[in-house]
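Student: I am new to this structure. Please take me through one part of it closely, and show how that part ties in with its surroundings.

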Amino acid sequence: SMKKYFVALFVLFIISVPYTSKAHETFSEESDYSVESPFLISDSIENAKAVYARLEPSTDVDIYSFTVTKPVHVHARAFVPLVAGLEQFLPNLAVVGPGLPGAKEKLPFTPPVGYGVVVVKNTPPGKKRPTFYEPFSGTEYYDAPAFDQQVTTAGTWYVYYWDPYGMGGDYVAILGFREGSF
């Protein structure tokens, strides 16, 4: 009958429409995210992103940039895969922007003139790090402290990642918190 035909057609349409994942966007570092060529976050810094990256050589500093036009909540952290050889890889991160306090410690980068810095240090060497299992990738990761606060000053902002111990390795830059289809 015509009704069965339309029901079948409707079911076919529903199963053929691409499924929109309610998750974070993922990216991979193709070339170094440097001062000359940072990873540009073109949408809201609040939208969750996972950037699979590497600090190599061990003195590498990866840079991510985003624009603030109105108050936004910034969430940034570094996950490290729980694999042999990365047990002591402890990347730090810093959020750099206008209106933040000046750096109180030696940094492996020079912030833009007039910008302040909030450093988020990883777990100290030798201390037990929390771990978690990420089912989407089937990978276990070391967790780390996060920058997690509102910023209000308009301008270009940055998140820097580096290894203060000079080991280097693979990490996932977690930027943003709002899961969804963007």
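Tutor: Here is a close look at strand β3 and what lies around it. This is a predicted model, where local features need pLDDT of at least 70, side-chain atom pairs count only at pLDDT 80 or more, and totals for chains, interfaces and linings use all residues. Residues are numbered from 1 along each chain as its sequence is written, and side-chain values use heavy atoms, with hydrogens and water left out.

Start with the strand itself. β3 covers residues 49-55. Strands here are DSSP runs of E, at least two residues long, numbered from the N terminus. Five of the seven β3 residues are buried, so the strand is largely enclosed by the rest of the structure. Buried means under 20% relative accessible area, with exposed over 50% and partly exposed in between, using a 1.4 Å probe and protein chains only.

Next, its partners. Two strands pair if DSSP finds at least two bridges between them. β1, residues 25-28, pairs with β3 in the parallel sense over four bridges. There, F27 stands opposite V51 of β3. β12 runs antiparallel to β3, and seven bridges join the two. In that pairing, K49 faces L175 of β12.

Now follow L175. Leaving out residues up to four places away in sequence, L175 touches K49 and V51, and also, among others, I41, Y64, V159 and Y161. Contact means heavy atoms within 4.5 Å. L175 is also among the residues with the most contacts inside the largest nonpolar core, which has 30 residues. A nonpolar core is a set of buried Ala, Val, Leu, Ile, Met, Phe, Trp, Tyr and Cys residues joined through side-chain atoms within 4.5 Å. β3 and β12 are among the elements that give two or more residues to this core. The largest share, five residues, comes from β5. In soluble globular proteins, nonpolar side chains tend to be buried together.

What comes after β3? The loop between β3 and β4 holds P57. A cis peptide bond joins E56 and P57, with omega about 0 degrees.

That loop leads on to β4. Strand β4, residues 61-68, runs parallel to β2, and three bridges join them. F39 stands opposite Y64 in β4. Both strands belong to an open sheet of five, in the order β2-β4-β11-β6-β7, with mixed pairing. Its edge strands are β2 and β7, each pairing on one side only. Y64 brings us back to the core: Y64, like L175, is listed among the residues with the most contacts inside it.
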